[in-house]
Amino acid sequence: MKHIKTLLFVFLLTLSTTIKAQETPFSDLLQNIDSREKTSLNGLWDMIVDPLENGYYNHRLQPKEDGYFMNAQMQSPSDLIEYNFDTSKQLMVPGDWNTQMDKLYYYEGTVWYKKDFTYTAKNDEAAFLYFEAVNYEAIVYLNGERIGRHVGGYTPFQFEVTDKLKEGNNFVVVKVDNKRKRENVPTVNQDWWNYGGITRSVHLITVPKSHINDYSVQLRKGATNAITGWVSVTNGKDGDVVSIAIPELKKTVNTVLKNGKAEFSIKAKPKLWSPTSPKTYEVVLKTATDEITDQIGFRTIATEGSKILLNGKQIFLKGISIHEEAPFKTGRVVSVEECKILLEWAKELGCNFIRLAHYPHSEAMVREAEKMGFLIWSEIPVYWTIQFDNEDTYANAKNQLTEMISRDKNRAAVVLWSMANETPEGESRLNFIGNLAEQARKLDDTRLITAALDTQAQGDDGNLIEDPLGKVVDVIGINAYCGWYAGATDTCAQLKWSSAYNKPMIMSEVGGGALYGHHGEKNERWTEEYQAEVFKTNIEMMRNIDFLSGLSPWILMDFRSSRRPLRRIQDDFNRKGLISEQGMKKQAFFTLQEYYEKENN
Ligand code: GCB
């Protein structure tokens, strides 16, 4: 009996390791799509609002075979078709629907989108429909046929359509649903607007049948004299040659494909990327049929006790948190220009670091930030009380994490992957986030893992950080609102902090609300004076934390949130911005700017 048990155990063990070995860590998400041949499907899309999902279910609530995705047209005057995309209203893509139509301001549910486009096939070409992001669930149909579904509002996804495209006219229909659900990531409760729609760009991308689908190029962990990585090729053969060239360093190496992947290592000593010198190199990857170019920076990031080391030297992260919310026009950011405005403000503030809260921001934002020399904290929307004991919720979070890392793993600017924000302590949460961290390290063992925590105990002398999640992360993020949610402003400067962990701590949120132009006493809520006082006293507090490695106060600009109804003050905006949504700087902006200018250089 014992013998059989042992055999069974060995069998299961072998099975589980073979399963693991076969797992491909990333999906085949195409990389650096800007260097690909592509047709933009941006612009006006026809749309139908469908709160009852009448275009999807019949009156018995069974999925229809002839739903709106068929884009049916009347063939004879007696035909009964109760929808028509061609005479419908239209929405701009990329864009959220809430700020494009008054009636959709608070809408959460299904909207059908349709776009016509033409296609001319070329030999040996593969084609992909690539969505930079759709919030929240997207079901995609091409010429009436369902080609796939994606869940999660802030990461890119693609479907191969090579054999499904028709010569000439085609149409794509997307059922977009942003209904909040308890099991989703994020869940039903969030302090930002649940903007629905095809919020980022859509492309038809064509590549050679045998093409480079993914790659990783970075310094060997812990070294500054070797660049290593891999290139993965779809439809390649064992032995196919892959070359990697960095012209400026006068380096080219050839390597060969094995099981779809070619690994390489190059002896080189590149100039390192840093906020003061955001140097990137052109990297050219080539196979016999394909070529792709990227701009890649090289740097090291590590911790030592409570310090963060960039390129081996201690760095203090002077940061600011940012939501992906457009300045001036409000709504979701849709253009590079809008990203640049936000980043210029962060520069003016004196930042070398940005926390892209609370979900992965667009690739354009990350790339622009990298060019401008910002270190980046990138995060998935594991926010507040999601269902930590639900396996599907975990699979969803893991998928969003994988897609985030897949897209941005070659960005030197990204130094912190954040697993979660303000999650309640408990065993299932610890397992959930612990497993996410393990997955992140498996995908990328070169960056630091963090999470923003909001639970502290009372130590002998002030707040004590002892949340068990502190064990899991490399850098501890702390969200603390002294002077706003907790304690009066005049108690903050004296507030002491201690930590059970010898790890760096970033004050990942701190702040208070003010309506731009509203003035009064420094103890009067919502005035600029009150907010500035919150910053002054919290800066005093932070000066006394010897394990503090940086901060990313909350937040650069006022942003829409349906948790913020207070008339004449909030009007559906979270007012903790240092800048109003119309671009006006509040007093606290200058308080923080002065701190960043004078200290920790
Ligand atoms: C927090 C959350 C953030 C909120 C902020 C606030 O702790 O992490 O999402 O927007 O507080 O303004 O209350």
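**Figure 1. Asn32 and its backbone in the predicted model.** In this predicted model, Asn32 counts as buried because its relative accessible area is 8%, which falls under the 20% limit. The residue is found in the loop that runs between α1 (2–22) and β1 (37–40). Although Asn32 is not a glycine, its phi is positive, at about 45°.

**Figure 2. Phe328, another residue with a positive phi.** Phe328 is not a glycine either, and its phi is positive with a value of about 70°. Its place in the chain is the loop between β21 (317–322) and α2 (336–349). With a relative accessibility of 40%, Phe328 counts as partly exposed, because this class covers the values between 20% and 50%.

**Figure 3. Two cis peptide bonds, one before Pro94 and one before Tyr136.** The peptide bond that leads from Val93 to Pro94 is cis, with omega near 0°, and Pro94 lies in the loop between β3 and β4. A cis peptide bond also joins Asn135 and Tyr136, where omega is about 15°. Tyr136 is placed in the loop between β5 (125–131) and β6 (137–142).

**Figure 4. Asn396 in helix α4 and its contacts.** Asn396 belongs to helix α4, which spans residues 391–408, and at 11% relative accessibility the residue counts as buried. When neighbours within four places in sequence are left aside, Asn396 is in contact with Tyr136, Val151, Asn184 and Val185. One of these contacts, Tyr136, is the residue that a cis peptide bond joins to Asn135.

**Figure 5. Ile227 in strand β12 and its surroundings.** Ile227 lies in strand β12, which covers residues 226–234, and is buried, with a relative accessible area of 0%. Residues up to four places away in sequence not being counted, Ile227 touches Val217, Gln218, Leu219 and Arg220, and also Ile246, Leu249, Phe264, Ser265, Ile266, Ala268, Pro270 and Phe298. The C-alpha atoms of Ile227 and Trp417 are separated by 22 Å, the two residues being 190 residues apart along the chain.

**Figure 6. Aromatic pairs, with Tyr105 and Trp193 as one example.** A pair of aromatic rings is described by the distance of the centres and the angle of the planes. With ring centres required to lie within 6.5 Å, the count comes to 29 aromatic pairs. The rings of Tyr105 and Trp193 have centres 4.8 Å apart and planes at 35°, so this pair is classed as tilted, because the angle is neither under 30 degrees nor over 60. The pair links distant parts of the chain, 88 residues apart: Tyr105 sits in the loop between β3 (89–93) and β4 (110–119), and Trp193 in the loop between β9 (168–177) and β10 (202–208). Tyr105 counts as buried at 19% relative accessibility, and Trp193 counts as buried at 3%.

**Figure 7. The ring pair of Tyr383 and Trp384.** The ring centres of Tyr383 and Trp384 are 4.4 Å apart and the planes stand at 35°, so that this pair, too, is tilted. Tyr383 has a relative accessibility of 3% and counts as buried, and Trp384, with 18%, likewise counts as buried.

**Figure 8. An aromatic cluster and two lysines over ring faces.** Ring pairs link Tyr68, Phe69, Tyr83, Phe85, Trp112 and Tyr141 into a cluster. As for charges over rings, Lys175 lies over the face of Tyr56, at 5.2 Å from the ring centre. Lys261 lies over the face of Trp230, at 4.4 Å from the ring centre.

**Figure 9. The ligand and the residues around it.** There are 14 residues around the ligand, and those that come nearest are Asp191, His358, Glu422, Tyr485 and Lys576. In the side chain of Tyr485, an N or O atom is 2.4 Å from an oxygen atom of the ligand. A polar side-chain atom of Lys576 lies 2.6 Å from an oxygen atom of the ligand, and for a polar side-chain atom of Arg564 the distance to an oxygen atom of the ligand is 3.1 Å. Of the 320 Å² of accessible area that the ligand has on its own, the protein covers 96%.

Notes. Residues numbered from 1 in each chain as written. Predicted model: local features only at pLDDT ≥ 70, side-chain atom pairs only at ≥ 80, totals over all residues. Heavy atoms only, no water. Helix = DSSP H or I, 4+ residues; strand = E, 2+ residues; numbered from the N terminus. Buried < 20%, exposed > 50% of the residue type's maximum accessible area, 1.4 Å probe, protein only. Contact = heavy atoms within 4.5 Å. Phe/Tyr/Trp six-rings, centres within 6.5 Å; stacked < 30°, edge-to-face > 60°. Lys NZ or Arg CZ within 6 Å of the ring centre and 35° of its normal. Near = heavy atom within 4 Å. Polar contact = N/O pair within 3.5 Å; in protein donor to acceptor, adjacent residues only side chain to side chain. Areas by Shrake-Rupley, 256 points an atom, 1.4 Å probe, with all protein chains shown as cover.
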